[in-house]
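Me: Could you take a close look at one helix for me? I'd like to know how it sits in the fold and what its side chains are up to.

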Amino acid sequence: GHDDEEGNFMLLMKTRAEGDIALQKWITEGRYQSPDILNELISLMGNEVLRQRLNNVNEARWFAVIADETSDISNSEQLCVSIWWVGNDYTIYEDVIGLMQVRPNLMRRP
């Protein structure tokens, strides 16, 4: 087991706080660090990353949305949604925008 100070998110924040006085202060004060608040922060950061990726796609001349379903070792089906897009320099990019657990019997195989 571990405590919240050793969690992946807090370790990432401590690494990121090097040279950032405001972030260092937030970490050392320990305020607003309940699991619910940290989960909300993670969600907000993920949404911002997704928003930035989608802005790139909106500016691209060509793009494709790809959805691929696969089963893991426990036979749980997962759906991966990604976007491939072409930048102004004709470089092809792929951004995974979602990985979702598929409910049983939602996608039946023939």
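Reply: Sure, let's start where the helix does, keeping in mind that this is a predicted model. Aspartate 20 caps the N-terminal end of α2, with a side-chain oxygen 3.2 Å from the backbone nitrogen of alanine 22. The helix itself covers residues 21–29, and its buried residues are Leu23, Trp26 and Ile27. Those three span an arc of only 95 degrees around the axis, so they end up on the same side of α2. What do they pack against? The buried residues of α2 have α1 (8–16) and α3 (35–59) as their packing partners. Flip to the face turned away from that buried side and you'll find the exposed residues Ile21, Ala22 and Thr28.

There's also a salt bridge to look at, one of three that turn up in a search of the whole structure. Glutamate 29 pairs with lysine 25, and their closest N and O atoms are 3.9 Å apart. Both residues belong to α2 and sit four residues apart, about one turn of the helix. That spacing suits a pair like this, because an α-helix has 3.6 residues a turn and residues three or four places apart point the same way. As for accessibility, glutamate 29 counts as partly exposed at 43%, and lysine 25 is partly exposed too, at 49% relative accessibility.

Right after the helix comes glycine 30, which has a positive phi, near 70 degrees. So, from end to end: an aspartate 20 cap at the N-terminal end, a buried side packed against α1 and α3, and glycine 30 following on.

Key. Residues numbered from 1 in each chain as written. Predicted model: local features only at pLDDT ≥ 70, side-chain atom pairs only at ≥ 80, totals over all residues. Heavy atoms only, no water. Buried < 20%, exposed > 50% of the residue type's maximum accessible area, 1.4 Å probe, protein only. Helix = DSSP H or I, 4+ residues; strand = E, 2+ residues; numbered from the N terminus. Arc of directions from axis to C-beta. Contact = heavy atoms within 4.5 Å. Polar contact = N/O pair within 3.5 Å; in protein donor to acceptor, adjacent residues only side chain to side chain. Salt bridge = Lys/Arg side-chain N within 4 Å of Asp/Glu carboxyl O.
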